Amino acid sequence: MPSDIHVTRIDPADDAAVQQILDLDELVWSASGRVPRADALRDTPRRAGFVATRDGEPAGIAGSWDVELSVPTAKGGASLRPAEGLTWVGVHPDHRRRGVLGAMMAHHLRWTRDEQGRSIAVLKASEPGIYGRFGYGVASSELMSSFARGTKFAAPQSVRDIAELTTLRTTTASPDQGARWHALARECATTLPGHLVRSAEDSQRLLTDTPESRGEREPARLLWATRDGHDVGCAYFHRTPKWDDGSAAGKVGVFFLLSVDAGARLALAERLVDLDLMGSTEYWVAPDDVLALWQPSLRSMSVSGVADNLWVRLVDLPTAVAERGHAVDVDVVVQVRDEILTDQAGTWRWTAGAGVGALVRSDLEPDVVLDISDLGAVWLGGQSLAARAAAGHVTGDRDAITQLDLALRTPIGPVGTIDF
Ligand SMILES: CC(C)(COP(=O)(O)OP(=O)(O)OC[C@H]1O[C@@H](n2cnc3c(N)ncnc32)[C@H](O)[C@@H]1OP(=O)(O)O)[C@@H](O)C(=O)NCCC(=O)NCCS
């Protein structure tokens, strides 16, 4: 007999429901239980928490963060759009593989569009095999890189001159720096697509670092970069001391590195790879990050692999198209598959002029056939439609695919996204 699965959003003021979400999350993620209850409750997604029941029993949870995503503008650069960041997804071990996740995903996508009025949902995946089936595409990737102590960055003198005008100050991360972090993150987000900006409230939480959550490492630090009295960058990092046969071999972990320009990035990076008593600095960079381009090759960064970074799901296609820049003019008929949000599936005429895109319904034969996940994959410029066509995911008329591909390409690939 099919299960009876219901998904409901909790009342943010309902403490018992928030506790229920936390309890199930700790079970799903095998939490150590060392984090004090009050701290764990503070970090539980209360604004938008969801509970799924199966045949009347609590079976699954999910949360959604209030985020902004930087999407490409027509001439390079990016602009921020409101999005929903899916998080805290978990299904009770007694209810797995019975469709609970599927029900929660469909609910979240409809809720994002119909109740939040947002055109994009995003997530970071714990496992790569789960989310493609729900119309998400891998929109950005990161190199799992580590920089040896004293790494030299071959930045040109013009960039170095700007770095030298940049002042660095180290502080300990604290919630009272949340507003400053948030303002800087919003400014950086206009430089390139792929930035994900947490809300001002969540930024404060992000900078709250309790002894129980940090294990052996030191308290999180913020390294602020300023120029002419303005913030131009900030690194969120921590050090973990280590000794190998009497030699200092500590590790610096960089959680995130914000910078408004290459000079600020160089100044921050040079400090982070040259901290006394440390042996290496782990920081995962996007392939187009200037830090990678100042190395002789990617091999110099001890890249241990490539990881998917942000997954993007378009939930309101006409709005998403209108809100994203187009690099060249387009006029193609596109057939979109969407098995969950079926009302945005079907045939559309996709036009763009002077950088601005528009979608209207069409009865014409399609020039291009694709899945909504193909659009998620190319939305930030991290993949091309041509590559997806070569793989057989996108089909249709070659010239039409090329036209749409050129319109959606970006000069520089997306940045990596802060964890959420
Ligand atoms: C991953 C998890 C949420 C799946 O929940 P679930 O209710 O068992 O999933 P469903 O029964 O709704 O499955 C939906 C589909 O996803 C697939 N799927 C589920 N878990 C998967 C996994 N870990 N890897 C690949 N595919 C998976 C199912 O096979 C099913 O595929 P189908 O539609 O082709 O039949 C659950 O196993 C869990 O809580 N895992 C631990 C926490 C976790 O990884 N959360 C994800 C955070 S990003």
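In this predicted model, helix 8, formed by residues 262-272, lies across strand 9, strand 11, strand 12 (230-240), strand 15 (250-259) and strand 16 (278-282), and the helix runs at about 20° to strand 12. The strands that helix 8 crosses belong to an open sheet of six strands with mixed pairing, in which the order is 8-16-15-12-11-9. Because strand 8 (146-148) and strand 9 (167-172) stand at the edges and each has a single partner strand, one side of each is left without a neighbour in the sheet. From one strand to the next, the twist averages 30°.

In general, the strands of a sheet pair through backbone hydrogen bonds, and the pairing may be parallel or antiparallel. The antiparallel sense is found between strand 9 and strand 11 (residues 221-227), which are joined over six bridges; within this pairing, R169 has W224 of strand 11 as its bridge partner.

An N-acetyltransferase domain is placed by UniProt, in an unreviewed entry, at residues 8-166. Over residues 8-166, helix accounts for 28% of the chain and strand for 31%, while the C-alpha atoms at the two ends are 49 Å apart.

The surroundings of the ligand comprise 17 residues, of which R96, V100, L101, G102 and G129 come nearest. When the shell around the ligand is sorted by class, seven residues are nonpolar, five are polar and five are charged. Among the elements that contribute to this shell are strand 4 (78-91) and helix 3 (100-115), each of which supplies at least two residues.

Definitions and conventions
Residues are numbered from 1 along each chain as its sequence is written. This is a predicted model: local features need pLDDT of at least 70, side-chain atom pairs count only at pLDDT 80 or more; totals for chains, interfaces and linings use all residues. UniProt positions are given in the numbering used here, feature names are shortened, and annotations may be inferred rather than shown by experiment. Helices (H or I, at least four residues) and strands (E, at least two) are DSSP runs, numbered from the N terminus. Two strands pair if DSSP finds at least two bridges between them. Axes are lines fitted to C-alpha atoms, for helices over the stretch in contact, and angles run from 0 to 180 degrees between N-to-C directions. Two residues are in contact if their C-beta atoms, placed from the backbone, lie within 7 Å. A residue is near a molecule or strand if its C-beta atom, placed from the backbone, lies within 6 Å of it. Ala, Val, Leu, Ile, Met, Phe, Trp, Tyr, Cys and Pro count as nonpolar, Asp, Glu, Lys and Arg as charged, and the others, Gly among them, as polar.
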